[in-house]
Amino acid sequence: MIQTVTFPVQNMHCGGCAARVQKALGAVSGATGVSVNLAAATAQMTVDGGKALATAMRALDAAGYPARADEAQFRLTGMHSASCVARLQQGLLTRDGVLSA
């Protein structure tokens, strides 16, 4: 699923930092339209699927400019089998910005 995502990037303090973030994200297969906003400390890109987004997050970590990611936990009821879990995971992974489930 193709989606455009914007996310905060940590440790960007100058134009050189922004250029390194741009380069790291631009090298990610499946990512296009990469733009970096130093003033807002954000990056935006279009990705084809959650795998490209996860790869982009790893590329930023490796470059020393990790994206800020939030984590959510939910208490669920009514799940009775592994197929319930699989359907829930598949559904979550289709949502914008979900890296893992």
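These are legends for a set of close-up views of one predicted protein chain.

**View 1. The whole chain, with three helices and three strands.**
This is a predicted model, so to speak a computed picture: local features need pLDDT of at least 70, side-chain atom pairs count only at pLDDT 80 or more, and totals for chains, interfaces and linings use all residues. Residues are numbered from 1 along each chain as its sequence is written, and side-chain values use heavy atoms, with hydrogens and water left out. Helices (H or I, at least four residues) and strands (E, at least two) are DSSP runs, numbered from the N terminus. Start at the N terminus and you walk through the elements in the order β-α-β-β-α-α. The C-alpha trace spans about 50 × 25 × 20 Å along its principal axes. Of the 101 residues, 27% count as buried (buried means under 20% relative accessible area, exposed over 50%, partly exposed in between; 1.4 Å probe, protein chains only). Take contacts (heavy atoms within 4.5 Å) between residues at least 6 apart in sequence, and 59% of them join residues at least 24 apart.

**View 2. Confidence along the protein chain, as pLDDT.**
pLDDT is the predictor's confidence in each residue, from 0 to 100. The chain has a mean of 87, and 96% of its residues reach 70 or more. Among the elements, helix H1 (residues 15-26) has the highest mean, 96, while helix H3 (residues 82-93) has the lowest, 85. Where pLDDT is low, the predicted coordinates should not be read in detail.

**View 3. Strand S3 (residues 42-48) paired with strand S1 (residues 2-8).**
Two strands pair if DSSP finds at least two bridges between them; S1 and S3 have seven, and they pair in the antiparallel sense. Two places to look: Thr 4 has Thr 46 in S3 as its bridge partner, and Val 5 stands opposite Met 45 in S3. S1 also has two faces, a covered one with Gln 3, Val 5 and Phe 7, and an uncovered one with Ile 2, Thr 4, Thr 6 and Pro 8.

**View 4. Strand S2 (residues 31-37) against S3.**
Five bridges join S2 and S3, which run antiparallel. In this view Ala 31 stands opposite Val 47, and Val 36 is across from Ala 43. The two strands form a hairpin with four residues between them.

**View 5. Phe 7 and its contacts.**
Phe 7 is found in strand S1. Phe 7 is buried, because its relative accessible area is 8%. Leave aside neighbours within four places in sequence, and Phe 7 is in contact with Leu 25, Ala 41, Thr 42, Ala 43, Met 45, Met 57, Leu 60 and Ala 67. For a sense of scale, zoom out to Cys 84: Phe 7 and Cys 84 are 77 residues apart in sequence and 31 Å apart in space, C-alpha to C-alpha.

**View 6. Asn 11 and Ala 41, two residues with positive phi.**
Neither one is a glycine. Asn 11 lies in the loop between S1 and H1, with a phi of about 75°. Ala 41 is found in the loop between S2 and S3, and its phi is about 55°. Asn 11 counts as partly exposed because its relative accessibility is 41%. Ala 41 is partly exposed too, with a relative accessible area of 24%.

**View 7. A nonpolar surface patch of about 510 Å².**
The patch is made by Phe 74, Leu 76, Met 79, Val 85, Leu 88 and Leu 92. Patches are made of residues with over 30% relative accessible area and no salt bridge: like charges are joined within 9 Å, nonpolar side chains (Val, Leu, Ile, Met, Phe, Trp, Tyr) within 5 Å. A salt bridge here is a side-chain nitrogen of Lys or Arg within 4 Å of a carboxyl oxygen of Asp or Glu. Met 79 is found in the loop between helix H2 (50-63) and H3. Met 79 is partly exposed, with a relative accessible area of 36%. Accessible areas come from the Shrake-Rupley method with a 1.4 Å probe; for residues, only the protein chains shown count as cover. For the protein chain, the accessible surface comes to about 6600 Å², of which 53% belongs to carbon and sulfur atoms.
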